[in-house]
Amino acid sequence: MAQMIDKYDAREEKKSLSMVQKNYKKTKLDGNFQRHGGVDNGSGWTIKNSNAYLSSLLDGTTFNTIIVAHAGDCLKFAEEVGDEDSIGYFKNILSEGFEFVSIDGNNTSSTVDAFLEGHKDIFIRRNGRKKKLVNFTEDEQEEIKYSEKIRFITLRKIGIEDMCNLFRALNTSTKLNNQEWRQARWSPLSQYIRDISNGDNREMFKNLIFNKESDLDKRFHEEMTAQLALKIEKDFRTAKDGGSKKKGSGSNMSDVYGRHLDQFYEENHSLEDDTRKRLSEIFKITSDMARAVGPQKHKFVKGSLHMLWNVIEIANYRLSLKIDDCEAFYEWFIKKNDRFAQLGGNVPEQDRDESSYSFWRRYYSATNAYDKMRTLFRSALIEDLEDLVNDGTLTHKRTKRDNFTWEQKLELFHKQNGRTRKNQKIRYLDIYLGKYEADHVVSVKDGGKTEITNGELMLKEDNRKKGSHSNEPHFPHQMPEEQQLEIAINE
């Protein structure tokens, strides 16, 4: 502890429970690098732990330390050494109205605060009886609140990266789970995993898979996000086809659990732009589905949600399909998911690894399992594709091949004699200014080709209103050759 005091210019003192509470209310518990513990969160002490601690504290049989960083002093230090990350970080802390940042001892501070506030579940035991603060005499209450009992250390010269490392080093009394340990670092990767897993997407996890808010407090959903990110970084490649070709994405194997996930965090400071883009799109589609169906009474197992993400990735990126009806596609998925699981339950034990979807789903984070699940669902999607397109669940995405070239746009201007189908004059300059677009008369959705006979210049606004609908032919070049000839003769 002496080394830490010297290194980070720490001030050590004893504080009363009243002062601990006062400082707690001015302290930021930063979920960016530590768990949301405390009395009202599920990833720290339990209520039982808090009550046991209080009883021992007032009996004088326990000793522990609260460690915080002083935001103002640490900002000055960051400015002195030119630590831009820490400068921005501590400025933000101060702008939020906090004076300190918690590094260790948040469960202690939270328990003290809850006891002094009269929390309904927080008490101490005396002679086998539960006692809240109000059950003590006034003199006893004064003694409890104002006598110095807790060691308090304030660090005044520490940056955000060292704070993360110190938090991990000190957090031994309540052991971090694997994902809490991975996320307790200051890097663009951990920040992105944290951000995209929460906010609006937090509802997705609650609707589809987790029953309790405390499961999310323990970062289990962030672990699932990190697993998906690792798969995307490796482009879903397996050991048999050479693993990842992307630089710095961990081992050659595509397993996404345990040491493989640890290695991913250790070796990667950030995610590739394409990975973030794909992960964001998959989550957006999944969140749309979760909102469409609402909270499920029967929740997914983790393997099922991972498989849903896999199917969305296959549809969106491998087969260039757009999901137009999220609820209908979700229903298609859960029917297939349940059907495959039922069939997989009938597979003899010795054949499970090769033939059982239920087995693969249980071990979804192993390369062999998720590769087989992806292959199975890809086949199912292709088999049902025609029906899913016909009923409006899916559409084929437009590609660059579906866009008219600049030369074709100019040719259409001449084919239309510089007029729209509404007989409005087309100003040549407006084509250059982007006010006109080349549209498919028979839409791509309806099988229309990107060629002059199926093209038409129209105002951008009119094209947007038309959407993916088809029009009847209007200009001679859009009509069959015999009609074009008849029109030419009549002219």
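Me: Which residues make helix α17 and helix α20 meet in this model?

Reply: On the α17 side they are F329, W332, F333, K336, N337 and F340, and on the α20 side L376, F377, A380, L381, D384 and L388. The model is a predicted one. Contact here requires heavy atoms within 4.5 Å.

Me: What makes up the contact of α17 with α20 by class?

Reply: The count is 9 nonpolar, 1 polar and 2 charged residues. Asp and Lys count as charged, so D384 and K336 supply the charged part.

Me: Why are α17 and α20 called oblique to each other?

Reply: The axes of α17 (residues 326-344) and α20 (residues 367-390) cross at roughly 135°. Roughly antiparallel would need an angle over 145 degrees, and roughly perpendicular one of 65 to 115. The value falls in neither class, and the pair is therefore oblique. Their axes come within 12 Å, and the crossing of α17 past α20 is right-handed.

Me: Why does the pair α10 and α13 get the term oblique?

Reply: α10 (residues 188-197) packs against α13 (residues 220-233) at an angle of about 120°. The roughly perpendicular class runs from 65 to 115 degrees and the roughly antiparallel class begins over 145. The angle lies between the two, so α10 and α13 are oblique. An axis separation of 9 Å completes the description.

Me: Is the crossing of α10 and α13 left-handed or right-handed, and which residues make the contact?

Reply: The crossing is right-handed. From α10 come I193, R194, I196 and S197, and from α13 come H221, E222, T225, A226 and A229. By class, the contact of α10 with α13 has 4 nonpolar, 3 polar and 2 charged residues.

Me: How many cavities of 30 Å³ or more does the whole structure hold?

Reply: The search finds 1. The space in the largest cavity is about 70 Å³.

Me: Which residues line the largest cavity?

Reply: The lining consists of V20, N23, Y24, T27, I66, V68, S102, D104, G105, N106, S109 and F152. Two or more of the lining residues come from each of α2 (17-24), β3 (65-70), β4 (100-104) and α6 (106-117). With 3 residues, α2 gives the most.

Me: What makes the lining of the largest cavity 5 nonpolar, 6 polar and 1 charged?

Reply: Asp counts as charged, so D104 is the charged residue of that lining. Gly counts as polar, which means that G105 is one of the 6 polar residues. Val, Ile, Phe and Tyr count as nonpolar, so V20, V68, I66, F152 and Y24 are the 5 nonpolar ones.

Conventions
Residues are numbered from 1 along each chain as its sequence is written. This is a predicted model: local features need pLDDT of at least 70, side-chain atom pairs count only at pLDDT 80 or more; totals for chains, interfaces and linings use all residues. Side-chain values use heavy atoms; hydrogens and water are left out. On a 1 Å grid over the protein atoms alone, a cavity is a set of points where a 1.4 Å probe fits but cannot get out, and a pocket is an open set with protein on both sides within 12 Å along at least five of seven lines; lining residues have an atom within 4 Å of a point. Grid points are joined across faces, edges and corners, and a volume is the space filled by probe spheres set on the points. Helices (H or I, at least four residues) and strands (E, at least two) are DSSP runs, numbered from the N terminus. Axes are lines fitted to C-alpha atoms, for helices over the stretch in contact, and angles run from 0 to 180 degrees between N-to-C directions. Angles under 35 degrees count as roughly parallel, over 145 as roughly antiparallel, 65 to 115 as roughly perpendicular and the rest as oblique. A crossing is left-handed if the near helix is turned anticlockwise from the far one by less than a right angle, and right-handed if clockwise.
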